[in-house]
Amino acid sequence: MPTWEEMYPCKTPIEDKIKLLLVMRGYPRGKICFKGSKDNRELRYGYWNHIKSKDIEYVETFTGCKLNTFSTEDNDCGNLISYTIEENQNEQ
């Protein structure tokens with residue numbers, strides 16, 4: 001059975017950097033994935049889990065991108081959280 005990293009690989013250098021920074025902060029590599037289309041990528045940690053705000057700030061500081069929290073409530077699973085990635089065009 002394929003891993004999350006195999007099913008949802010990083011597709012851009014910024015995604016590689018985000019993953020590296022989160023791993024450095026103690027998040028398991030295999031639970032960090034990126035989904036979506038080329039122009040609308042999102043970060044997920046585990047099964048829609050929360051990333052600490054201090055770790056979001058850490059990633060934003062060292063990547064120059066903005067991670068916007070998207071949250072929705074599911075009747076069966078509870079609060080589902082993902083993060084949209086807004087790249088700073090000046091940083092690329």
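**Entry 1: Pro-13**

I began with Pro-13, which lies in helix α2. The model I am reading is a predicted one. Is Pro-13 buried or exposed? Pro-13 counts as exposed, because its relative accessibility is 69% and the exposed class starts over 50%. I then checked its distance to Gly-78. Along the sequence, Pro-13 and Gly-78 are 65 residues apart. In space, their C-alpha atoms are 32 Å apart.

**Entry 2: the largest pocket**

Next I looked up the largest pocket. Its volume is about 200 Å³. Twelve residues line this pocket, and the closest to its centre are Thr-12, Lys-38, Asp-39, Arg-41 and Glu-87. Which elements each supply at least two residues of the lining? I noted helix α2, residues 13-24, and strand β2, residues 40-45. I also sorted the lining by class. Six residues are charged, four are polar and two are nonpolar.

**Entry 3: strands β3 and β4**

I turned to the strands. β3 covers residues 66-74 and β4 covers residues 78-86. How do the two strands run? They run antiparallel, and nine bridges join them. Together β3 and β4 form a hairpin, with three residues between the strands. I picked out one facing pair: Thr-72 stands opposite Leu-80, a residue of β4.

**Entry 4: Glu-60**

I moved to helix α3, which spans residues 53-63 and holds Glu-60. Is Glu-60 buried or exposed? Glu-60 is buried, because its relative accessible area is 18% and the buried class lies under 20%. I then asked what the side chain of Glu-60 reaches. It reaches the backbone nitrogen of Leu-67, at 2.9 Å. I listed the contacts too, leaving out residues up to four places away in sequence. On that count, Glu-60 touches Cys-65, Lys-66 and Leu-67. Of these, Lys-66 and Leu-67 fall within the residue range of β3.

**Entry 5: Asp-55**

I stayed in helix α3 for Asp-55. Asp-55 has a relative accessible area of 4%, so it is buried. Which side chain makes a polar contact with the side chain of Asp-55? I found Arg-25 there, at 2.7 Å. Setting aside neighbours within four places in sequence, I found Asp-55 in contact with Arg-25 and Tyr-27.

**Entry 6: Gly-26**

I went on to Gly-26. Gly-26 sits in the loop between α2 and β1, the strand of residues 32-37. Is this glycine buried or exposed? Gly-26 is exposed, because its relative accessible area is 58% and that value is over 50%. I also checked Gly-26 against Phe-62. The two residues are 36 apart along the chain. Their C-alpha atoms are separated by 16 Å.

**Entry 7: Trp-48**

I closed with Trp-48, found in the loop between β2 and α3. What is the phi of Trp-48? I read a value near 65°, which is positive, in a residue other than glycine. I wrote down the background for this. Most residues other than glycine have a negative phi. Last, I looked up the accessibility of Trp-48. At 17% relative accessibility, Trp-48 counts as buried, because the buried class lies under 20%.

Note on methods: Residues numbered from 1 in each chain as written. Predicted model: local features only at pLDDT ≥ 70, side-chain atom pairs only at ≥ 80, totals over all residues. Heavy atoms only, no water. 1 Å grid on protein atoms, 1.4 Å probe; cavity = no way out; pocket = protein on both sides within 12 Å on 5 of 7 lines; lining within 4 Å. Points joined across faces, edges and corners; volume = space filled by probe spheres on them. Helix = DSSP H or I, 4+ residues; strand = E, 2+ residues; numbered from the N terminus. Nonpolar A, V, L, I, M, F, W, Y, C, P; charged D, E, K, R; others polar. Buried < 20%, exposed > 50% of the residue type's maximum accessible area, 1.4 Å probe, protein only. Pairing = 2+ DSSP bridges. Polar contact = N/O pair within 3.5 Å; in protein donor to acceptor, adjacent residues only side chain to side chain. Contact = heavy atoms within 4.5 Å.
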